[in-house]
Amino acid sequence: MMEDEETIIMMSVKEPLLLPQQPQPPFSSSLLIYLYVGHFLARWGARMWEFSVGLYMIDIWPNSLLLAAVYGVVESGSTALFGPLVGHLIDRLTYLKILQLWLLTQNLSFMVAGGTVVALVVNPDLKSTNYLAFLSLVIVTNISGALGTLSTLAGTILIEREWAVVISEGQPPEVLTQLNSVIRRIDLTCKLGAPVVTGFIISFVSLKASALTLSLWNILSVFLQYWLLMSVYNGIPSLGERNQKRAALRLSPVPEESPSTSQEQTSLLPLDANFSESSNSSWTRKIIERFSKSPYIVAWRVYLQQDVVLPGVALALLYFTVLSFGTLMTATLEWEGIPAYVIGIARGVSAAIGIAATYLYPIVQSRISTIRTGIWSIWSQWAFLLVCVASIWVENNITSAYLLMAGVAASRLGLWMFDLSVIQQMQDQVPESDRMVVGGVQNSLQSVLDLMTYVMAVVISNPQNHLRGSIYLRSSLLGTFILEVLFQLTPLGVAFAVSGFLGVDFDIFPVGEPGHRALQSSHLPRAEAPYSL
């Protein structure tokens, strides 16, 4: 009897130690497949438009980047202006409302944009015969594309910044890292496949066929996307629980301010001695109060108060460039005489390297932490971009273009590892209540820098001068500033940069602080992950 009791006691002691090694997610793994497929369908349509719009615009208005640059200004400007408001809006909506609004707006917008492009391509003389109709179609194309991009932003924030965190709650830190990597891998797979397919359609069929394919894709896939993502929402309990919690917080009454609190808030406003008692000062104070409480200002204020604001700014600075397979570089390569299918293949190779980064990131992150991975990845990107700088001095335009594409493609390894590093820092350190707002402002900031690129393209619309000038600007100014920001993250980046050389970890946050929890999670060895997504 004593031996049996001792055996039972020993088993009860060992059992809690064994249980954490094999935890199971509280939902079927097939639901994650549904999430991935739904995300894939949405991203494929967006990537098709992103690649082809530059080719459409250079065909509609040959020998000039004007239309491509104008579209870029409209798209980036709308995201820069309305990005914080999108984050603020979806923070107030339920998951179901966000899902419906996102899928309906995105697919309808790209469907309309594809239809207007078909009308413009079918009537190449419309600019000379009926300029008003031509201008109207171009305007509708720009507005539809911008709306599609804004709705895509809402979906990105919902899936990448919110659902990924909620699904991985209560699991080891590696689960979130792997989930982030898979989601980014899906996006880059679409970035690989969509341009290749679209490029072949354009080169071997026609531009009109590619625009029709874009419209049909968005018409047919929206219903499947909605069913898949609704299945994920209904099948994962944590999503429903978090949605109910969000709804309860919105319905809870806001406590009224006491006179003393109101007086304290008033005293924080700047007062001028000459107008403190005048009616003009009262009106000015009211205007300042209303302006400071507007959703746009509140969103930016929340973003600037985060500990991860400097990594976010560093990531945004990478958008001030044409050294990516975006609209301007695609249009420029087309002008240089590079066939559309070759551009599509090059963009696919670039995305394949980015996909490799999503496999490499979890391995590196588990060994040297999230922040050090970001620092070293940005150095890697910068080294490969030197190849693009070298392409300036190659006299043969075709050779120069291929060298440029090779340098840009190779640099994607460091770029996407850095992107994943910044995203995970935001997920770890931004409070739950601010997560969607911060995501909206981050995308807005990135669009501001992207907008500056398109403004420069409007000013320098000659493709040859535009590309060379952009490379000089990127190489001489922005790269140095990005690295300076990264190495002066206070106090986080300094400690990790030094520890990267010395092999010593610095515990610079008090126990219990968000930064301390993030550092602890980033130091957990990958071998301790009990299961993977």
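**Exercise 1. Start with S168**

Leaving aside its neighbours within four places in sequence, which residues is S168 in contact with? Then place S168 in the chain and decide whether S168 is buried or exposed.

*Solution.*
Step 1: Look for heavy atoms within 4.5 Å, which is what contact means here. With those neighbours left out, S168 is in contact with V175 and L176.

A word before we go on: this is a predicted model, where local features need pLDDT of at least 70 and side-chain atom pairs count only at pLDDT 80 or more, while totals for chains, interfaces and linings use all residues. Residues are numbered from 1 along each chain as its sequence is written, and side-chain values use heavy atoms, with hydrogens and water left out.

Step 2: Find the element. S168 sits in helix α6; helices are DSSP runs (H or I, at least four residues; strands are E, at least two), numbered from the N terminus.

Step 3: Check the cover. S168 is buried because its relative accessibility is 7%; buried means under 20% relative accessible area, exposed over 50%, and partly exposed in between (1.4 Å probe, protein chains only).

Step 4: Look at the side chain. One of its polar atoms lies 3.1 Å from the backbone oxygen of V165.

**Exercise 2. Step back to the whole chain**

How many helices and strands does the chain have, and what percentage of its residues is buried?

*Solution.*
Step 1: Count the elements. You should find 21 helices and zero strands.

Step 2: Turn to burial. Of the 533 residues, 52% are buried.

Step 3: See how far apart the partners are. Among contacts with a separation of 6 or more, 83% join residues 24 or more positions apart. For a closer look, take P362 in helix α15 (residues 340-368): its C-alpha atom is 6.3 Å from that of T177, although the two residues are 185 apart along the chain. P362 counts as buried because its relative accessible area is 5%.

**Exercise 3. Explore the nonpolar cores**

Which residues touch the most other members of the largest nonpolar core?

*Solution.*
Step 1: Know what to look for. A nonpolar core is a set of buried Ala, Val, Leu, Ile, Met, Phe, Trp, Tyr and Cys residues joined through side-chain atoms within 4.5 Å. In soluble globular proteins, nonpolar side chains tend to be buried together.

Step 2: Find the centre of attention. The largest core has 48 residues, and W49, F325 and L333 touch the most other members. Helix α2 (residues 29-60) gives this core its largest share, 11 residues.

Step 3: Zoom in on L333. Apart from neighbours within four places in sequence, L333 is in contact with F325, I338, I343, A401, L404 and M405.

Step 4: Spot the second core. This separate set has 36 residues, including I98, W163, V165 and I183.

**Exercise 4. Follow the salt bridges**

How many salt bridges does the structure hold, and which residues are linked in a network of them?

*Solution.*
Step 1: Recall the idea. Side chains of opposite charge can pair when their charged atoms come close; a salt bridge here is a side-chain nitrogen of Lys or Arg within 4 Å of a carboxyl oxygen of Asp or Glu. The structure holds eight.

Step 2: Try a pair within one helix. E50 and R47 form a salt bridge at 2.7 Å, N to O. They are about one helical turn apart because three residues separate their positions in helix α2. E50 is partly exposed at 28% relative accessibility, whereas R47 is buried at 6%.

Step 3: Now try a long-range pair. R435 and E162 meet at 3.4 Å, N to O. This pair links distant parts of the chain, with R435 in helix α18 (residues 435-459) and E162 in helix α6, 273 residues apart. R435 is buried at 8% relative accessibility, and E162 is buried at 2%.

Step 4: Add one more. R184 and D187 form a salt bridge at 3.2 Å, N to O. Both belong to helix α7 (residues 173-204), three residues or about one turn apart, and both are buried.

Step 5: Join the links. The network consists of R43, R47, E50, E160, R184, D187 and D419.

**Exercise 5. Finish with a short helix check**

How many of the nine residues of helix α13 (residues 309-317) are buried?

*Solution.*
Step 1: Count them. Seven are buried, so the helix is mostly covered.

Step 2: Name them. They are V309, P311, G312, A314, L315, A316 and L317.

Note on methods
A polar contact is a pair of N or O atoms within 3.5 Å; within protein, one must be able to donate a hydrogen and the other to accept it, and residues adjacent in sequence count only if both atoms are side-chain atoms.
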